[in-house]
Amino acid sequence: MPRFSVIVPAFKVQAYLHECLESVLEQSYPDLELIAVDDCSPDACGAIIDEFAARDARVLAVHLPENVGLGRARNAGIERATGDYLLFLDSDDTLTPDALHAIADRLKETAEPDVLVYDYARTYWSGEVRRNQLAAELSEEGPAPFRLDERPGLLRLLMVVWNKAYRREFVEREGLTFPPGYYEDTPWTYPAMMSAESIATLDRVCVHYRQRRHGSILGTSSRKHFDVFAQYDRVFAHVAAHPELERWRPLLFRRMVDHFSTVFVKRDRLPRGARAEFLRKARDHYRRYRVPGSPAGLRLPLRHVLVRFGTHRTYRLLSLLSRARKRAVRLTGALRRSARTAALRLHYRVQLRLPLRADRAVFSSHGGRGHGCNPGALESAFRTYAPHVRTTWIADLEHHHTIPAATGRLRPGTAGYWTALARSKYLVNNVDFDRSLVKRPGQVVIQTQHGTPLKHMGLDLQDRPAAARGTDFAELLRDADTWDYCLSANRHSTLVWERAFPSSYDTLEYGMPRNDVFQQATSADVARLRASLGIPEGAVAVLYAPTYRDYRSGQRRTLDLERVLRQLGPRFVILTRAHHRYGAPLTDAPAGRLIDVSDHPSVESLCLASDALVTDYSSLMFDYAGLDRPIVVHADDWEAYEAARGTYFDLRAFPPGAVARSEDELIDIFATGHWRGSRSSQLRAAFRERFCPYDDGRAAERVVRRVVLGETAGLPPFIPFAERHPVPSAVEAPPRTGASAPPEVAAAAPLAAAAPLAAAAPLAAVPAPGGALPLTEQH
């Protein structure tokens, strides 16, 4: 008997059926049967199903003699199912990788519930993927399993059959079957959820719900949409037959009214001549199933007014009044915004005529994000080495909690913001300030940059339209003309910045200020950071931080991180950090040994807390090399990335560590110990020598002494590599004695002793650098 019976009815979906069936058969959890039901489809669906059945014994092909519709086709699959749990999948949708494994694990964790509810994401023909907006209802916190009374919010989710797993014995006991007609999910899902004695949730996207360009069958104009009335008759008949479910009648009534109004207001569903009839039937159902205590009169939502009175004219009048009110509100808001903008412009012009404040410095990072990166390190250095200068940080309100208490706080676009830009002597940023900025005589602009460039930047993007994406290069040069100083971590960066952003600024080749903390932090700091992130004691923490892809419209997820963790074993955890331009995590349901740190305000803290870095082409590798900890490069799409963006050197020929070209190679690098073997150490040492010559912990001090205090001689000398001591990772930290040793560090020491570095061995995946390698392309 298989664990799962996955039932897939098919009708006129030949373009999508292959992908659907393969998504089931390629699951990492193989204990399943796939029941594919050909609902007498006139296209090639039947033949496709037979092809899959011929090559995989787990596929049961069912061919119906006539077209019976989605509900009855599912019933045909249920009749043949033998699995412990029933799952339904529409034939144009797909299961996500490892979905069944996650479902099986959750079922075991929650004592085999009657129903398990999991999440889905809408996938659009344009390539966009959007997770269910009510995913918070699927939280796994709290007791499990439970009854619906304890989590009634689950009924807010889309009431479909394919986002749930049903225990087959429960389905047979309750006599659940699908009715004919449209909206057949309604009289199945409500009774199932209300009758289940045990329910559990899985906070993970298990289904990709395809949004076709021309919509689904429910988006076609037809009188079959009148089936919705019979479906709710069945729901209320089920409640009437089970008095213990009466408490759900008010909620079902509200959901019914919302459903009726949705069908009506979707202009493409009802034939023009049938709209008045539909409203009359909706009104009849409203009166038939309304329960005492339901809202009435002015307390009714607008859509409920439509259904209660069954008159489109009343609804249209109220809709027009509502739209007119909203337009008036928008117009008033637009006028207010215009007046505010004009007032701020006038305010800025006035401030530009007032004296410059030599004791003021204003900082910002990444266009309004929190305190951090190179500007953050410099702001702290200003307070330490130039305390006479008052510092202020510009950030969106949501990031103000990251700003130190001793630092002033400003929001972009406010009067205080424009005052600071007009009158502060020092302006520090890692991108550019507002385009309306007027650089005043005596003002000093410090462009810190935000890393060492691997990919093309500035004017070097002129022949890369996919990456440039409408960049105004004239504006870019005007911004560079405002810089007085540009920070550089190494000679490679200096050559790139002065060519890609040509202007008259001075380049300060002092190292990256944000990396000073790597030399200044202690093992106790590392232990505290790991504890704050929830990294288990004694675990090996791998920071996974891929970069942005110019040639893709959405986030690229090439690694199955859950599979990677399963292969590496329980000692490993992965900290996942998505690029901030995507605004979404790398995993759908980070939990346990998969920890999402995308919103963590300090990437430097994440580096300190981790034991190794896995990245593709992110500039973070250049900073991480200063920590002298293992780095693994996952370069599975180097050719596409280089073609779209352009790079200054071939990372595969001069990597900071082992190079993996696939997920399996990445797993092998960790499983064999090559990730921190002597060959990887040799590569990292060469990489570090070339790109981290000045990252000795005093970069920010040098900048402040040179720019603010005017010291041109006697700056702190650069510390040789042999004399630098970056804080070791938790698994490399030596055992500490005495009561002051943090418990996290003490726990990590045995792991380090038990897992020595791998012996020296050549890596086939990592070519040895041969001879002198040019650091930049010659133009």
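In this predicted model, the side chains of arginine 514 and aspartate 623 are joined by a polar contact of 2.7 Å. Arginine 514 sits in the loop that runs between strand E16 (506-509) and helix H17 (516-520). Is this arginine buried or exposed? With a relative accessible area of 9%, arginine 514 comes out as buried, because anything under 20% falls into that class. Aspartate 623 is not its sole polar company: a polar atom of the arginine 514 side chain also lies 3.3 Å from the backbone oxygen of histidine 450. Once neighbours within four places in sequence are set aside, the residues in contact with arginine 514 include Cys373, Asn374, Ala377, Gly451, Glu604 and Ser619. Histidine 450 and aspartate 623 turn up in that contact list too.

Strand E16, which comes before the loop of arginine 514, has a partner of its own. E16 pairs with E15 in the parallel sense, over four bridges. Within this pairing, tyrosine 485 has aspartate 506 of E16 as its bridge partner. E15 (residues 485-488) also runs parallel to strand E14 (residues 444-447), and two bridges join them. Here tyrosine 485 shows up again, this time opposite isoleucine 446. As a bit of background, side chains in a regular strand alternate between the two faces of the sheet. What covers the picture for E15, one face or both? Both faces are covered: Tyr485 and Leu487 on one side are buried, and so are Cys486 and Ser488 on the other. Cysteine 486 has a relative accessible area of 0%. Cysteine 206 is likewise buried, at 0% relative accessibility. As for cysteine pairs, the structure holds zero disulfides.

Further along the chain there is an open sheet of six strands, with parallel pairing and the order E19-E18-E17-E20-E21-E22. Which strands stand at the edges? They are E19 (594-596) and E22 (658-660); each has a single partner strand, so one side of each is left without a neighbour in the sheet. From one strand to the next, the twist averages 25 degrees. In general, strands of a sheet pair through backbone hydrogen bonds, and the pairing can be parallel or antiparallel. Inside this sheet, E17 (residues 540-544) and E20 (residues 612-615) run parallel and are joined by three bridges. One example to look for is valine 542, whose bridge partner in E20 is alanine 612.

The loop that leads from helix H22 (638-645) to the edge strand E22 holds proline 655. Proline 655 is buried, at a relative accessible area of 2%. Its C-alpha lies 8.9 Å from that of isoleucine 631, and the two residues are 24 apart in sequence.

Next come the charged pairs. Side chains of opposite charge can pair when their charged atoms come close. How many salt bridges are there? The count comes to 49. One of them links aspartate 114 and arginine 167, with 2.5 Å between the closest N and O atoms. These two come from distant parts of the chain, 53 residues apart: aspartate 114 is in the loop between helix H4 (99-109) and strand E6 (115-124), while arginine 167 is in strand E8 (residues 164-167). Aspartate 114 is buried at 2% relative accessible area, and arginine 167 counts as buried at 18%.

A salt bridge of 2.9 Å, N to O, brings together the side chains of arginine 204 and glutamate 562. Arginine 204 belongs to strand E9 (residues 199-211) and glutamate 562 to helix H19 (residues 561-568), so this pair ties together parts that are 358 residues apart in sequence. Arginine 204 is buried, with 8% relative accessibility, whereas glutamate 562 is partly exposed at 25%.

Helix H19 also supplies arginine 563, which pairs with aspartate 664 of helix H23 (residues 663-671), 101 residues apart. Their side chains meet in a salt bridge of 2.9 Å, N to O. Arginine 563 is partly exposed at 26% relative accessibility, and aspartate 664 is partly exposed at 48%. Salt bridges can also share partners: Asp114, Arg167, Glu169, Arg173 and Glu174 are joined into one network in this way.

How values were computed:
Residues numbered from 1 in each chain as written. Predicted model: local features only at pLDDT ≥ 70, side-chain atom pairs only at ≥ 80, totals over all residues. Heavy atoms only, no water. Pairing = 2+ DSSP bridges. Axes fitted to C-alpha atoms, helices over the stretch in contact; angles between N-to-C directions. Buried < 20%, exposed > 50% of the residue type's maximum accessible area, 1.4 Å probe, protein only. Polar contact = N/O pair within 3.5 Å; in protein donor to acceptor, adjacent residues only side chain to side chain. Contact = heavy atoms within 4.5 Å. Salt bridge = Lys/Arg side-chain N within 4 Å of Asp/Glu carboxyl O. Disulfide = S-S within 2.5 Å.
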